[in-house]
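Dear colleague,

I am handing over a structure for your files. Notes on what was found in it follow below the entry.

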Amino acid sequence: AISNQWITKIKESSTEAYKKIVDENISIQEYHLVSDYLDHSKVWTKSSRVLNKDFTDWFLESDFARHIEITYGKFFISDENNLGWPNIYWRLVRPNKASDIGPLHRDYWFWKLNSHWCYEFLKSKKKYFRLKVWIPIYIEIGLNGLLVEPYSQNRENIKWCGEERHGIRKPLLLTPLNKLNPILLSTKEGNTVIFNDKLIHGGALNKGTKSRVSVEFTLIIEKND
């Protein structure tokens with residue numbers, strides 16, 4: 001599903017890049033070899049990386065989704081982009097491109113700044129909690145992946161503020177980086193990381209030789225009293 005969406009978007013955006021991919025049989029892991037043919041930041045907005053409704057319909061019937069419900073209870077996947085279906089989206093991180101990764105943050109901050117996300121559910125006054133799901137699809141262990149600070153969901157000495165970026169309210173970390181202790185998770189392709197939405201995390205600079213691909217989404221889970 002990711003590869004199909006990737007190649008379709010490139011075909012729409014750059015004839016040169018698409019031709020090179022087809023002629024040289026370039027995979028998504030080798031995307032960095034053709035990325036100079038297009039404007040990466042404009043082409044790969046978040047909305048262009050959300051998987052379609054057919055995929056999410058399939059996913060919600062999968063064994064994995066059933067396992068999530070058994071483990072955590074009744075849930076739905078957020079639609080913060082207001083597309084009308086769950087937002088399961090992928091990231092594409094080229095080698096040594098700091099602009100491709102997200103800075104350290106708490107997802108909780110995004111929700112704090114964008115109270116209109118999932119408004120129809122939130123106005124129901126139901127009790128809920130959020131968990132983030134992150135899945136590496138193509139990764140080079142020890143060279144790229146997800147940075148997290150263990151147990152940081154419990155820290156109360158983290159300073160931040162909000163600002164407008166790319167059309168939405170986004171958080172800006174104010175605590176100096178030398179006051180944080182993130183580690184690079186050693187995750188195999190296909191392994192799943194599920195974490196509290198107050199955990200400090202972010203993308204690691206890709207020090208590998210291939211483009212990294214990962215999938216993520218937010219679970220909103222009803223609390224049972």
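Strand E4 (residues 146-148) pairs with E9 in the antiparallel sense over three bridges; two strands pair if DSSP finds at least two bridges between them. Helices (H or I, at least four residues) and strands (E, at least two) are DSSP runs, numbered from the N terminus.

This is a predicted model: local features need pLDDT of at least 70, side-chain atom pairs count only at pLDDT 80 or more, and totals for chains, interfaces and linings use all residues. Residues are numbered from 1 along each chain as its sequence is written, and side-chain values use heavy atoms, with hydrogens and water left out.

Within the E4 and E9 pairing, Leu146 has Gly203 of E9 as its bridge partner. The two strands belong to an open sheet of three strands in the order E7-E4-E9, with antiparallel pairing. Its edge strands, each pairing on one side only, are E7 (183-184) and E9 (201-203).

Two loop residues other than glycine have a positive phi. Asn82, with phi near 55°, is in the loop between strand E1 (75-77) and strand E2 (89-93). Tyr151, with phi near 65°, is in the loop between E4 and strand E5 (160-165). Asn82 counts as exposed because its relative accessibility is 53%, and Tyr151 counts as exposed at 65%. Buried means under 20% relative accessible area, exposed over 50%, and partly exposed in between (1.4 Å probe, protein chains only). For context, most residues other than glycine have a negative phi.

Regards
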